[in-house]
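Student: Could you take me through one part of this model up close, and then show me how the pieces around it fit together? I'd like the packing in some detail.

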There are 2 protein chains.
Amino acid sequence: MSGRKQIGVVLVGCGTVGGATAQILTRQDGGLSERVGIDLVLRAVVDIDFIVAEQIGLDKKLFCKDLGAAIGREDVQIVVELVGGTTAARTIVEKAIRAGKHVVTANKALLAHHGAELSALARKNDVCLAFEASCAGAIPIISALTGQLACDRIDAMYGIVNGTCNYILTAMTEQGRTYADALSDAQRIGLAEADPTLDVTGGDSAHKLAIMAALAFRRRIDFEKIHVEGIDWLEVQDLYYGRELGYVIKLLAIARRQGNALSLRVHPAFISDRHPLAWVSGPFNAVSVYGENSGHTMYYGRGAGGQPTAAAVVGDIASVALGNAQKKFQSLAIWPDRCEPADQLDIEHVRCRYYLRLQAEDRPGVFARIANILGDRDISISSLLQHEPNNGADEGVPVVITTHRALEGDIRSALNEVDRLDVIKSPCVCIHMVEEHPEQTGTWD
Amino acid sequence: MSGRKQIGVVLVGCGTVGGATAQILTRQDGGLSERVGIDLVLRAVVDIDFIVAEQIGLDKKLFCKDLGAAIGREDVQIVVELVGGTTAARTIVEKAIRAGKHVVTANKALLAHHGAELSALARKNDVCLAFEASCAGAIPIISALTGQLACDRIDAMYGIVNGTCNYILTAMTEQGRTYADALSDAQRIGLAEADPTLDVTGGDSAHKLAIMAALAFRRRIDFEKIHVEGIDWLEVQDLYYGRELGYVIKLLAIARRQGNALSLRVHPAFISDRHPLAWVSGPFNAVSVYGENSGHTMYYGRGAGGQPTAAAVVGDIASVALGNAQKKFQSLAIWPDRCEPADQLDIEHVRCRYYLRLQAEDRPGVFARIANILGDRDISISSLLQHEPNNGADEGVPVVITTHRALEGDIRSALNEVDRLDVIKSPCVCIHMVEEHPEQTGTWD
């Protein structure tokens with residue numbers, strides 16, 4: 001016996017992350033409890049089967065199929081939910097809260113959809129909710145947003161928060177692989193699920209964005225109002241043309257203040273190859289935050305995987321054991337159950353630069369007609385490049401246009417009109433171009 | 001009156017950082033106290049003059065020249081030391097601690113030299129020491145090291161932690177400016193002090209390294225044993241040759257485990273232009289941490305300046321006001337007063353790759369003699385390039401050699417012998433080459 005205070009933990013869900021968490025908690029040589037100054041004791045592992053738990057050699061005495069019994073133990077203060085999804089997980093989290101247990105979760109979908117209700121329920125039951133592992137794996141971004149950044153006024157946040165997508169886009173950009181091939185690779189090495197829909201359509205990034213933006217801007221976010229585009233429609237030729245212009249493509253999760261409103265969106269974006277997020281490649285994640293005082297800070301690391309995500313789970317367990325997560329949850333006015341709903345801007349009102357690719361017939365007057373349509377809506381062309389035909393003249397020649405900043409609504413209406421022209425062979429490709437966010441810091445020095 | 005709990009703050013030292021801190025604390029529109037849930041109230045500003053305080057329009061009722069009176073106030077719980085240096089600052093910090101006040105400081109020199117004693121004194125008086133602002137400005141690296149990373153086993157840490165040096169090296173690399181010119185630029189725009197010695201000799205980086213490494217590795221660091229090289233001897237031609245080989249130069253602060261010992265060093269280093277720290281340019285800082293579970297995480301932001309550093313100071317004030325800094329200080333076994341002295345490796349025992357430039361006479365047999373000297377010590381050549389003479393044949397032709405990993409002691413002895421050769425015109429230039437640190441994570445998945 002160490003003489004240290006003990007905190008009991010029940011782990012619900014023993015897959016990749018749960019298994020890694022259990023290993024960290026039970027390894028005797030790691031010195032975890034010694035470092036934290038509190039014995040973090042795994043009391044039970046609850047699951048419907050124990051395949052992973054057996055594989056990693058967990059003590060069978062920990063295995064438990066009775067959730068209620070495990071949660072109800074007097075010697076348990078923390079329940080870790082690692083089941084995923086929004087159905088069973090929600091029931092588990094609510095049960096734990098009602099039993100007076102603090103909850104640590106990695107469940108982004110659950111929090112993006114029900115964060116405010118669950119926070120309110122936790123508050124009512126005098127426990128707290130900790131969810132570092134829900135966003136960007138090992139990157140302590142929730143800790144930053146609820147720490148020093150909670151004392152700042154956040155102006156904007158830009159994240160690469162889905163490792164699967166970033167891996168696929170890196171492979172398409174650097175190796176010229178098609179989307180389908182890059183996805184297969186990702187699946188083969190375990191970086192993409194058999195059904196990758198939630199990742200490649202941007203939904204997973206949007207979940208994380210909803211969670212982070214709520215804390216950063218102190219607003220309740222309506223998940224359904226986040227504009228979401230995935231990466232599954234991207235073609236290698238556009239990544240190549242972008243690269244020619246000095247841009248790389250990333251799936252960005254963006255939240256920024258525009259007046260009193262917030263613009264929240266997930267979409268692929270061309271960023272300059274000198275942009276601070278341009279070098280973030282493969283399965284890594286990064287989140288840039290622009291604060292009024294702190295200026296630009298960025299947080300980088302592995303966004304997924306058993307051990308990195310477990311590192312975040314264990315960090316939360318320690319924070320709850322110390323009582324720090326509780327203090328933040330009780331005192332800070334940044335939690336979604338305590339905040340007003342955000343005024344979320346419709347994507348039509350976003351101002352941005354755009355990359356457009358048209359497949360046009362190669363004959364006189366085509367440029368003029370397109371330029372007129374754009375000009376009628378105050379969309380100003382920044383660069384224009386006609387490429388050699390890719391697949392024979394039948395498909396038209398690719399014309400790449402980059403615009404100056406324009407209103408998304410105007411771009412959409414212009415492209416609608418362009419697409420109807422008889423000289424246009426297939427629907428325009430339109431990709432957002434995102435510039436480095438300006439820092440505010442120093443404006444009142 | 002807000003009805004919120006009040007925490008009183010005394011600010012000692014009102015220069016750039018102190019002034020910015022006072023502004024953040026006193027601005028009524030910022031909503032800081034509302035966000036934190038506690039009224040953070042500036043009670044007094046102590047200094048020997050109030051030039052900055054008057055410039056920024058602070059309420060004169062806050063001005064106070066009597067340190068003892070300000071610290072002794074019953075309505076003050078936190079003393080913020082922003083005086084700098086190790087003499088007066090030490091007295092101020094000790095006085096505050098003995099008066100039972102928590103101390104927030106940005107003073108890296110003080111902590112690097114006296115961190116263990118001051119921690120012990122704080123512990124004895126049941127107060128805590130918070131020092132986020134001492135390392136890397138707005139980057140919440142201390143928060144990360146005392147948060148999630150305190151639950152991990154850190155293998156290595158690599159930092160660019162001096163904005164002045166990084167600005168100078170960026171200007172030398174990207175604009176081909178000489179060291180002297182780049183330094184003048186930095187001084188003109190306020191990025192370098194009139195006396196830049198502490199920055200350009202690496203001393204400031206070593207201070208920060210000592211503070212961060214103590215927490216990361218849970219060891220008391222002997223500052224005097226840190227190997228420190230500055231950037232003031234670097235020549236543009238070497239940066240240019242390095243660039244030809246695909247490397248950029250950075251002043252790195254490195255701490256890594258080697259067996260049970262620690263290697264701690266500050267020196268300029270060539271890193272591949274694909275290295276995760278290569279893109280960190282201008283006045284920005286970044287710290288890479290390699291943890292057993294978390295893998296590689298990186299923290300990036302402004303390493304200096306009034307507002308960014310004040311953001312860290314205010315973050316610490318809030319953390320103390322919440323009681324979280326205290327919990328960490330009391331419970332975690334990572335503070336220097338609680339840890340064993342580190343076994344610090346002498347630089348001679350470091351293994352590294354090296355960039356060497358020799359100014360050799362252009363005649364037969366020279367290479368062979370050099371190669372023999374290196375070979376005798378098991379130093380294996382990775383690449384070799386003879387350049388055109390720079391300044392006429394009198395100075396010899398520059399021969400650039402990169403080595404495979406070798407023991408620093410062997411390199412030094414080899415270079416001693418090479419420098420004595422009659423064909424060598426001036427002392428060899430030797431620059432460390434640092435490769436990306438391998439991640440451990442996944443090894444036991």
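What follows starts from one sheet and works outward to the helices, the domains and the other chain.

Tutor: Happy to, and keep in mind throughout that this is a predicted model. Let's start with the open sheet of chain A. It has six strands, in the order β3-β2-β1-β4-β5-β6, and the pairing is parallel. At the edges sit β3 (63–64) and β6 (129–130) of chain A, each of which pairs on one side only. Further in, strand β1 (residues 6–12) of chain A runs parallel to strand β2 (residues 39–46) of chain A, and seven bridges join the two. If you want a spot to click on, try A:Q6, which stands opposite A:D39 in β2(A).

Now hop over to chain B. Here too you'll find an open sheet of six strands, with parallel pairing and the order β3-β2-β1-β4-β5-β6. Its edges are β3 (63–64) and β6 (129–130) of chain B; each has a single partner strand, so one side of each is left without a neighbour in the sheet. In this sheet, look at strand β4 (residues 78–81) of chain B and strand β5 (residues 102–105) of chain B: they run parallel and are joined by four bridges. B:V80 is a handy marker, as B:V104 in β5(B) is what it stands opposite.

Helices lie across this chain B sheet. Helix α1 (residues 16–26) of chain B lies across β1 (6–12), β2 (39–46) and β4 of chain B, and runs at about 145° to β2(B). Helix α13 (residues 306–322) of chain B lies across β1, β2, β4, β5 and β6 of chain B, at about 160° to β5(B).

On to helix pairs. In chain A, helix α6 (residues 108–124) and helix α11 (residues 203–217) have axes that come within 8 Å and cross at roughly 55°. That angle makes α6(A) and α11(A) oblique to each other, and their crossing is left-handed. On the α6(A) side the contact is made by A:K108, A:A109, A:L111, A:A112 and A:G115, while α11(A) brings A:D204, A:H207, A:K208, A:A210, A:I211 and A:A214. Sorted by class, the residues of this contact of α6(A) with α11(A) are six nonpolar, two polar and three charged.

Chain B has a pair to put beside it: helix α6 (residues 108–124) of chain B packs with helix α11 (residues 203–217) of chain B at an angle of about 55°, their axes 8 Å apart. So α6(B) is oblique to α11(B), and the crossing of α6(B) and α11(B) is left-handed. The residues in contact include B:L111 and B:G115 of α6(B) along with B:H207 and B:I211 of α11(B).

For another kind of crossing, go to helix α15 (residues 366–376) of chain A and helix α16 (residues 408–419) of chain A, whose axes come within 9 Å and cross at roughly 155°. α15(A) and α16(A) are therefore roughly antiparallel to each other, and the crossing of α15(A) and α16(A) is right-handed. In the contact, A:I370, A:I373 and A:L374 in α15(A) meet A:A414, A:E417 and A:V418 in α16(A). By class that gives five nonpolar residues, no polar ones and one charged.

Zooming out, the domain assignment splits chain A into domain 1 (6–134), domain 2 (141–302 + 337–344) and domain 3 (348–433). Between domain 1 of chain A and domain 2 of chain A, the C-alpha centres lie 28 Å apart. Their contact takes 13 residues from domain 1 and eleven residues from domain 2 of chain A. The domain 1 side divides into six nonpolar, four polar and three charged residues.

Last comes the meeting of the two chains, a contact that takes 54 residues from chain A and 55 residues from chain B. On the chain A side, α2 (32–36), α7 (141–145), β12 (295–302), α13 (306–322) and α14 (324–331) each supply at least two residues. The largest share of that side, ten residues, comes from α13(A). By class, the side of chain A that touches chain B has 24 nonpolar, 20 polar and ten charged residues. Strands pair across the chains as well: β12(A) and strand β12 (residues 295–302) of chain B do so in the antiparallel sense, over three bridges. To find the place on screen, look for A:M298, which stands opposite B:Y300 in β12(B).

Definitions and conventions: Residues numbered from 1 in each chain as written. Chains lettered and ligands numbered in written order. Predicted model: local features only at pLDDT ≥ 70, side-chain atom pairs only at ≥ 80, totals over all residues. Pairing = 2+ DSSP bridges. Axes fitted to C-alpha atoms, helices over the stretch in contact; angles between N-to-C directions. Parallel < 35°, antiparallel > 145°, perpendicular 65-115°, else oblique. Left-handed = near helix turned anticlockwise from the far one by under 90°. Contact = placed C-beta atoms within 7 Å. Nonpolar A, V, L, I, M, F, W, Y, C, P; charged D, E, K, R; others polar. Domains from an automatic or database assignment.
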